Amino acid sequence: MYFCDMTDKKNLWISMAACSVAALGILAVLLFGVKPFTAAERRIINQSGNVMYVTVMPQDSAVLRAVSVDLSARELRSEELKTLADKMLTTVQDPSQDGVGIAAPQVGINKRVICVQRFDKPGEPFEAYYNIHIDTLMGPLKSGREGCLSIPGYYGSVQRNETVVVRYVDPSTLTPVTDTVQGFTAVIFQHEIDHLEGILYTDRADSLWQTN
Ligand code: ZN
């Protein structure tokens with residue numbers, strides 16, 4: 001036997017309202033979709049031309065000093081991410097920049113994407129990495145000269161660990177990957193991952209000097 005009192009009726013109404021809200025939410029996602037990246041990020045990614053504007057200090061300090069966030073699974077699988085990586089790779093290798101690494105905040109996007117020239121691999125290819133973090137810093141500290149596309153006209157002397165273990169996500173399988181990197185390539189990884197934390201090499205430099 002079932003006895004229905006006023007409390008049951010109230011609960012029923014609350015349940016029906018909750019179901020309606022959930023159904024409307026699902027309908028909205030089906031109709032409009034959830035787009036990867038923010039509208040502002042999509043505008044930057046989809047701008048015409050393959051060489052992107054490189055953010056510089058001090059006028060672009062808001063994006064260069066922000067902490068970047070991981071890409072969502074949807075963003076990792078998106079066409080926008082392929083376009084962003086292609087354009088970042090083109091930008092860092094363009095004669096106007098001629099860099100060895102670039103991070104997404106340097107093109108105005110606070111997401112964890114970097115491109116690094118792998119001097120430790122045959123052919124020294126440029127490669128893109130997603131949702132990258134430093135896992136472990138190892139080995140002795142060594143001083144080396146660094147410059148940055150976002151701080152033109154300067155070099156500095158920075159101490160970095162000789163070896164770094166990085167972890168990132170393979171976008172085709174969404175599986176985590178770890179890689180142990182040494183030498184100059186390890187310095188590039190540390191410099192670029194610093195960008196994702198809003199840290200610039202000038203924060204760590206023992207000394208700075210102008211290029212001319
Ligand atoms: Zn830099």
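**Note on strand 4, helix 6 and the nonpolar core**

1. Strand 3 (126-146) and strand 4 (residues 154-170) run antiparallel and are joined by twelve bridges; two strands count as paired if DSSP finds at least two bridges between them. Within this pairing, Thr136 has Val165 of strand 4 as its bridge partner. The model is a predicted one, in which local features need pLDDT of at least 70 and side-chain atom pairs count only at pLDDT 80 or more, while totals for chains, interfaces and linings use all residues. Residues are numbered from 1 along each chain as its sequence is written.

2. For orientation, the chain has seven helices and six strands, where helices (H or I, at least four residues) and strands (E, at least two) are DSSP runs numbered from the N terminus. Read along the sequence, these elements follow the pattern α-α-α-α-α-β-β-β-β-β-α-α-β.

3. Strand 4 also pairs in the antiparallel sense with strand 5 (residues 175-182), over eight bridges. Val165 stands opposite Thr180 of strand 5, and Tyr168 stands opposite Val177 of that strand. The two strands form a hairpin with four residues between them, and Leu174 in the turn has a positive phi of about 60°. A further antiparallel pairing, of four bridges, joins strand 4 to strand 6 (residues 207-210), and there Tyr154 has Gln210 as its bridge partner.

4. What makes Val166, a residue of strand 4, count as buried? Val166 is classed in this way because it has 22 C-beta neighbours inside 10 Å, and a residue is buried if 20 or more other C-beta atoms lie within 10 Å of its own, exposed if 12 or fewer, and partly exposed in between, with C-beta atoms placed from the backbone. Leaving aside neighbours within four places in sequence, Val166 is in contact with Ile132, Ile134, Asp135, Thr178, Asp179, Val181 and Phe189; contact here requires that the C-beta atoms of two residues, placed from the backbone, lie within 7 Å.

5. Arg77 offers a useful second case, lying in the loop between helix 4 (73-76) and helix 5 (79-93). Arg77 counts as partly exposed because it has 15 C-beta neighbours inside 10 Å. Its C-alpha atom is separated by 6.3 Å from that of Pro171, although the two residues are 94 apart along the chain.

6. The largest nonpolar core (a set of buried Ala, Val, Leu, Ile, Met, Phe, Trp, Tyr and Cys residues joined through C-beta atoms within 7 Å) has 41 residues, of which Met88, Val113, Ile114, Tyr130 and Phe189 touch the most other members. Two or more residues come from each of helix 5, strand 1 (101-103), strand 2 (113-117), strand 3, strand 4 and helix 6 (183-196), and helix 6 gives the most, with six residues. In soluble globular proteins, nonpolar side chains tend to be buried together.

7. Helix 6 is mostly covered, since eleven of its 14 residues are buried, among them Ala186, Phe189, Gln190 and Glu192. These buried residues pack against strand 1, strand 2, strand 3, strand 4, strand 5 and helix 7 (201-204). Phe189, leaving aside neighbours within four places in sequence, is in contact with Val116, Val164, Val166 and Val181. Just after helix 6, Gly198 takes a positive phi of about 80°.

8. For the chain as a whole, buried residues make up 32% of the 212 residues. Of the contacts with a separation of 6 or more, 67% are between residues 24 or more positions apart.
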